[in-house]
Structure formats: C-alpha cells, structure tokens
Amino acid sequence: MLAKNRLRAKVSIFIFNVLFLGFVSPSLLIFTSATAIGNHGSLHQSGSMASESNLSGMVVDAPVGITHVNMAQIEAWVSQLESIRLMDLEQVAVETDKLLPLLHQMPLVLQYRFVLLKAQSWAMNGEMKSAQKLLQTYLDKTPPESLIAEYVNLLVLLAGVYSDLDEVVNTLQVLNQIVPYLERVDDVNNEAYVYMLMVEMLSRMTRDQAAQQYTGKLYATLNKVIKPIRRCYISTIHANAVTNLIEHDINQRDHLVRLFTDAYHECELANDNGTKSINLRSLTHIYLLDNRLISAKKSIDEAYQMALADNNTSELGFIYVHLADIAKREGKLIKAEKYALQSFEIATELGTSILLIDASLMLSDTYEALDNTTLALFYRKAYEAASLTRMQDIKGQLTVFESAKLQLLDRERQLDLLEREKALYLAMKKMTDRTQTQMHLWMTLLIGCICFLIIWVFISVRQKGRYQVLAQSDPLTGIYNRSAGEYVGKILYRQARKEQRQFSLVSFDIDDFKNINDRFGHGTGDWVLKKIVAEINPLLGLNDIFVRMGGEEFMILLPDINEAAAWEKAAACRLALASMNTQYSGHQFSVTASFGVTQAIAPDHQLDTLVERADEAIYFSQMKVIKSDDDFTCVYS
C-alpha cells in the first residue's frame with residue numbers, strides 16, 4: 001500500500017489572493033506552477049495589466065521623511081495601490097516602501113489596511129519573514145470592536161505566511177485564533193480559506209479525525225462560492241480530507257470517486273491543470289485500491305500528460321509511482337522498475353519525504369518480485385529510514401502543537417481572569433458611588449469576591465503542596481528521593497543531637513541487581529524496586545524515613561531508635577526480601593540485599609558520617625565478612 005499522498009498546498013499566499021481578493025492574474029498562475037515544483041523566488045511581471053503611468057502622481061514624488069501629511073491623500077494612495085496589488089507586484093512594492101515611514105501617522109483603520117497591503121506585497125515577493133514581523137506587530141494587541149474584520153484579515157494573511165514557511169504549529173495557532181471570530185465576521189472568503197488551511201495542516205500532522213470537523217464546514221462554504229477557482233480548491237481539499245478517513249472502507253470507494261470526479265470538473269472549469277492532475281492522481285489511487293486497472297491507467301495517463309505539459313516535476317514523481325504500481329500489477333516488472341527509479345530520483349532531488357517513502361517501497365516490492373533480494377533489501381531499508389524520519393517529524397510537531405495548545409489555553413484562562421478582575425473592579429467602583437440603600441448589594445458582591453479569593457488561595461496552596469510532593473518523591477517507588485531524604489534526615493539528625501536523643505540508620509543495596517536487569521530486562525528491575533518498597537514499608541514505624549538513594553541503593557532513617565532495635569529492623573527487612581515472591585514479575589528468581597546498620601555516637605556531628613559508616617558496613621557484608629547460617633547475605637554493623 002502506498003503512503004497517503006496528501007494535497008500539499010505550498011502556495012498558501014496565492015490561494016489567499018484567490019479567495020480573499022477574488023482575482024487571479026496570468027503572472028500568479030505562473031507563480032503557482034513554479035511554486036508547486038519548488039521554484040520559490042520573487043515574481044516580476046512583464047506586460048502587467050496596469051502600467052506605471054497609472055501610478056503617476058501617487059507616491060512617486062512624495063518625500064519619504066515628511067512629518068505632516070494629508071490623510072485623505074494617503075488614503076487615496078492606499079486605495080489605488082489596493083486596486084492594482086496583484087497586477088503589478090514590483091510597482092506596489094516600491095510605492096508601499098515610500099509610504100512605510102508614514103505608517104504610525106495614519107488612523108488605525110488605515111494602518112490595518114496598509115499593513116495588509118504591505119505584508120501581502122512582501123509575501124508575494126518571497127520576503128516571508130518581513131511580512132511575518134510586520135503582521136505580528138499589529139496582532140499582539142486586541143483590536144477595537146469596529147476593526148474586527150480588518151484584524152481577521154491580518155490574521156488570515158499571517159496564517160498563510162506561516163503555512164508557506166512550513167511552520168505547521170504556528171499556522172495552527174493562528175488559525176485557532178481566527179476561528180472564534182468567523183461567526184462575528186460575515187466573510188465567506190476568509191471562512192473558506194481558514195477551513196482549507198485548517199484541514200491541510202491537521203491532515204499533515206495525521207490528525208484526520210480533527211480535520212474532519214473542519215472538512216464539513218469547508219464543504220458547506222461551497223454553496224456560497226461562485227468563482228470556479230475557489231470551488232476547485234475547496235472541492236479538492238474536501239475530497240482529499242474525506243479520503244484520509246474512509247479510503248479503507250470498500251463501500252465508500254464509489255463515493256470517493258464521485259468526490260474527486262466533481263473536484264476534477266470544478267478545476268476544469270477553473271482551467272487549473274495542476275489541481276486537475278492532483279485529482280486524477282487521487283482517482284488513480286482509489287481505482288488501484290479496487291484493482292480497477294483500466295480506469296486507473298486512463299486517469300493516470302491523463303495526469304501524466306498534464307504534468308509533462310506544465311513541467312511539474314514534483315507531480316511527475318508521484319505519477320511515476322502509480323505508473324510503476326500499475327506495471328507491476330500487470331506483470332511488467334522491468335517497466336515498473338524504470339518508473340519507480342524515476343520517482344526515486346525525483347524524490348531524492350527534491351527532498352520530498354512522502355514521495356521518497358512511496359518510491360522506496362515500490363522499488364523494494366518490484367525487486368522482490370524480480371527475485372533481486374539485495375536491491376529489495378536496500379530499498380526496504382531506505383523506505384523504513386524515510387518513514388521513521390517522517391514519523392519523528394510528525395511526532396515532534398504534535399508535541400510542540402499540544403504544548404502550544406496548552407499554553408494558549410493557559411493564556412486564555414489568564415486573560416479571562418484579568419477580564420473578570422477588571423469587571424469586578426468597575427462594579428465595586430460603581431457601588432461606592434451609589435446611595436446607602438444599595439449597601440446590601442455591595443456587601444454581597446464583596447463577600448463573593450472574598451469567597452473567590454479564598455477558593456483561589458486554597459487551590460494555589462493545594463497545588464503547591466502537590467508540586468512539593470512530586471519534587472520530594474522518587475517517581476518509580478513513591479518514597480523519598482535522595483535530595484529530599486537527605487534534607488529531611490539532616491533536620492531530624494540535628495534535632496536528635498540537640499535534644500540528646502538516639503538516632504540510627506540502615507542502608508542496604510540489592511545484590512546482583514544488574515544481573516536481574518540483564519537477564520530479565522529493566523521492566524522486571526523496576527518491578528523489583530517497587531516490590532521491595534511494598535514489602536518493607538509495612539515494617540517501618542510512623543517516624544521512620546524510607547529513602548531511595550539511587551539505583552538499587554536504599555536508606556532508612558530511624559529517629560529515637562538505638563542500634564539493637566535498628567539491627568532487628570534490618571534483619572526483619574532482610575527476611576522479607578528473602579521470602580519475596582517474584583513470580584508475578586513473569587520470572588522466578590530470588591532477591592537478597594546487603595545491609596549496613598549504624599547508630600549515632602558523640603563524634604558524629606553530621607548525618608553524612610553515619611551514611612559513610614553504613615556504606616562501609618554494606619561493603620563488608622557484600623564481601624561476606626559475616627554470613628548467616630542459611631547463607632543469605634546478612635546485615636553488618
């Protein structure tokens with residue numbers, strides 16, 4: 001089975017112009033074709049639909065450093081530039097550069113319009129980072145209610161910029177900002193563009209279920225759209241998104257064929273050969289799932305002719321994979337090898353990960369059918385390496401996206417809290433100005449605020465306590481970790497010394513713990529550590545402190561206990577470990593430990609002295625200085 005060839009719209013800024021501005025110039029169609037095969041660069045249109053003479057008297061003679069300007073004249077300049085922004089990219093770039101120093105002198109609504117114009121000019125000329133920086137400056141602040149529509153336009157363009165920069169997570173973050181505004185701004189063009197990008201980004205991250213909820217919303221906009229090029233993009237992206245979800249359902253194959261056929265006809269009306277080729281390739285994929293070779297050959301041959309005519313190298317790479325698949329199914333293995341090698345060469349040249357996965361898998365299967373096990377194994381390894389790299393990329397993006405999503409939710413919560421505090425402050429200010437008869441309402445609100453603060457403080461303290469427990473606990477066993485245990489132990493030891501109370505310490509190491517890990521795996525080793533804690537915990541008193549010092553080393557702090565009692569406790573622990581049932585770990589083995597017991601004496605000014613002495617005792621115990629009658633490793637003091 002070939003990897004899913006998702007529709008990759010590397011021309012987000014172009015689609016933005018098609019949907020948002022509703023205009024396509026011949027030069028932009030050239031730009032689209034070039035971008036689809038990886039040729040990114042500035043576009044300078046010769047024979048523009050608007051000549052430089054149309055701009056004479058606009059801003060050509062305007063001094064750059066003027067401090068007092070006629071806002072009506074600047075608005076007229078901006079309006080004229082907006083009207084030709086897609087007809088002459090170079091001229092618009094020059095004129096907006098001259099107006100840029102006047103940006104902060106413009107009224108806010110005119111600033112929004114000019115920023116959209118200038119950022120779009122930079123984006124269309126390949127200066128994505130400049131466009132991103134300018135847009136971000138105006139999007140960091142919440143806009144007035146009257147400028148929500150203009151604010152959404154800037155957000156939509158920023159999403160397109162991030163998409164063309166291949167920054168999936170940033171694109172999704174901006175799109176998530178836009179979605180709540182769509183109901184407040186009645187703009188089907190923005191709505192369709194946002195949903196298209198959302199479906200595309202989520203599909204690239206293999207979040208097909210999440211993409212599905214926006215797929216339906218995207219398809220709903222089709223009834224409101226008239227222009228053929230818009231209908232072409234909407235129907236194609238919708239068909240691809242639906243395919244990602246239901247292509248393995250045999251009963252849905254005819255439905256998918258209808259979707260791609262409809263999308264093909266929409267793109268035929270729009271005269272968009274590039275997207276027509278994508279639809280034909282997708283149809284081929286569906287036909288091959290049902291082994292309908294005649295229909296598959298017909299659709300892929302037509303796509304091949306279109307890609308050749310457009311010199312679309314990337315599309316040809318995917319087409320060669322399907323041609324190889326068809327040839328292999330027909331038993332024409334030499335022909336299949338030829339097509340697959342062509343596809344692999346294109347994938348290597350362009351660095352297209354999905355194409356590299358498809359081509360490597362096809363070559364491996366083809367050479368396996370040719371009984372060439374050496375090359376089959378070579379390309380199978382190439383397929384696995386490319387798949388692993390892509391999965392790691394997707395996993396990384398998902399991790400960053402989920403982290404960013406949590407940060408966004410936290411930010412929204414903080415903003416909501418600030419808004420509530422602001423509302424509370426305003427309400428209290430109004431109440432202070434009211435008459436004495438309204439005192440009861442004021443008191444009620446005040447009590448509510450106090451309750452809210454008490455709850456907030458309670459939650460904060462409780463949360464802080466949870467964090468402290470997590471910081472002090474060993475994540476595997478749940479007992480004190482080394483840093484927390486030493487900190488608590490030093491405090492208890494100082495108190496015992498000050499009050500001249502007894503203090504003992506027991507340390508023990510698990511014997512041959514490395515052998516357990518090596519023989520049965522680290523999972524079994526973890527089980528042993530947790531089981532040891534479970535066996536020893538019931539033997540300890542309320543004041544005893546149980547600490548995991550690291551690895552298989554443990555320590556028990558025994559305030560108010562002398563050495564004899566500590567020795568008895570260590571012996572009880574040893575017997576508990578010796579009789580421990582390990583069959584529930586999935587293996588049968590014995591667990592023993594070497595114990596060291598010591599008691600604080602007059603010269604011991606620090607807890608570390610006791611720890612060192614106990615460690616020495618463990619060492620002698622491990623050297624078998626003392627052995628018990630039953631030959632178990634014994635405690636030593």
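# Salt bridges, helix packing and a small sheet

Arg281 and Glu315 are both buried, where buried means under 20% relative accessible area, exposed means over 50%, and partly exposed is in between (1.4 Å probe, protein chains only). What you're looking at is a predicted model, so local features need a pLDDT of at least 70 and side-chain atom pairs count only at pLDDT 80 or more, while totals for chains, interfaces and linings use all residues. Numbering starts from 1 along each chain as its sequence is written, and side-chain values use heavy atoms, with hydrogens and water left out.

**The overall picture**

The protein has 24 helices and five strands; these are DSSP runs numbered from the N terminus, H or I with at least four residues for helices and E with at least two for strands. Of its 637 residues, 46% count as buried. Take the contacts (heavy atoms within 4.5 Å) with a separation of 6 or more: residues 24 or more positions apart account for 65% of them.

**Salt bridges**

Side chains of opposite charge can pair when their charged atoms come close. Here a salt bridge is a side-chain nitrogen of Lys or Arg within 4 Å of a carboxyl oxygen of Asp or Glu, and by this rule the count comes to 20. Three of the pairs go like this:

| Pair | Closest N to O | Sequence separation |
|---|---|---|
| Arg231 and Glu266 | 3.2 Å | 35 residues |
| Arg281 and Glu315 | 2.8 Å | 34 residues |
| Arg548 and Asp474 | 3.2 Å | 74 residues |

Back to the pair from the top: Arg281 and Glu315 meet through their side chains at 2.8 Å, N to O. Arg281 sits in helix 13 (residues 273-289) and Glu315 in helix 15 (residues 313-329), so this salt bridge ties together parts that are 34 residues apart in sequence.

Arg231 pairs with Glu266. That link also joins distant parts of the chain, with Arg231 in helix 11 (residues 228-246) and Glu266 in helix 12 (residues 253-269). Glu266 counts as buried because its relative accessible area is 15%.

In the third pair, Arg548 has Asp474 as its partner. Arg548 belongs to strand 2 (residues 545-550), whereas Asp474 is in the loop between helix 19 (439-472) and helix 20 (482-498). Both Arg548 and Asp474 are buried.

There's a network too: salt bridges link Arg253, Asp254, Asp290 and Arg292.

**Helix 8 against helix 9**

Helix 8 (residues 168-182) packs on helix 9 (residues 188-204) at an angle of about 145°, and the axes are 10 Å apart. The axes are lines fitted to C-alpha atoms over the stretch in contact, and angles between N-to-C directions run from 0 to 180 degrees. Which residues in helix 8 meet helix 9? On the helix 8 side they are Val168, Thr171, Leu172, Leu175, Asn176, Ile178, Val179 and Leu182; facing them in helix 9 are Glu191, Val194, Tyr195, Leu197, Met198, Met201, Leu202 and Arg204. By class, that contact has 12 nonpolar, two polar and two charged residues. The classes are Ala, Val, Leu, Ile, Met, Phe, Trp, Tyr, Cys and Pro as nonpolar, Asp, Glu, Lys and Arg as charged, and the others, Gly among them, as polar.

**Strand 3 and its partners**

Six of the seven residues of strand 3 (residues 553-559) are buried. Strand 3 runs antiparallel to strand 1 (residues 503-510), with seven bridges joining the two; two strands pair if DSSP finds at least two bridges between them. Ser504 has Leu558 in strand 3 as its bridge partner.

Strand 2 pairs with strand 3 as well, antiparallel over five bridges, and Phe546 stands opposite Ile556. Strands 2 and 3 make a hairpin with two residues between them, and Gly551 in the turn has a positive phi of about 60°.

**Two buried residues**

Leu158 lies in helix 7 (residues 148-164) and is buried, with a relative accessible area of 1%. Not counting residues up to four places away in sequence, Leu158 touches Gln132, Leu135, Gln136, Leu139 and Val174. The C-alpha atoms of Leu158 and Leu116 are 9.5 Å apart, for residues separated by 42 along the chain.

Gly525, in helix 22 (residues 522-536), is buried with a relative accessible area of 0%. Leaving aside neighbours within four places in sequence, Gly525 is in contact with Phe513, Ile516 and Asn517. Gly525 and Ser585 are 9.2 Å apart, C-alpha to C-alpha, and 60 residues apart in sequence.
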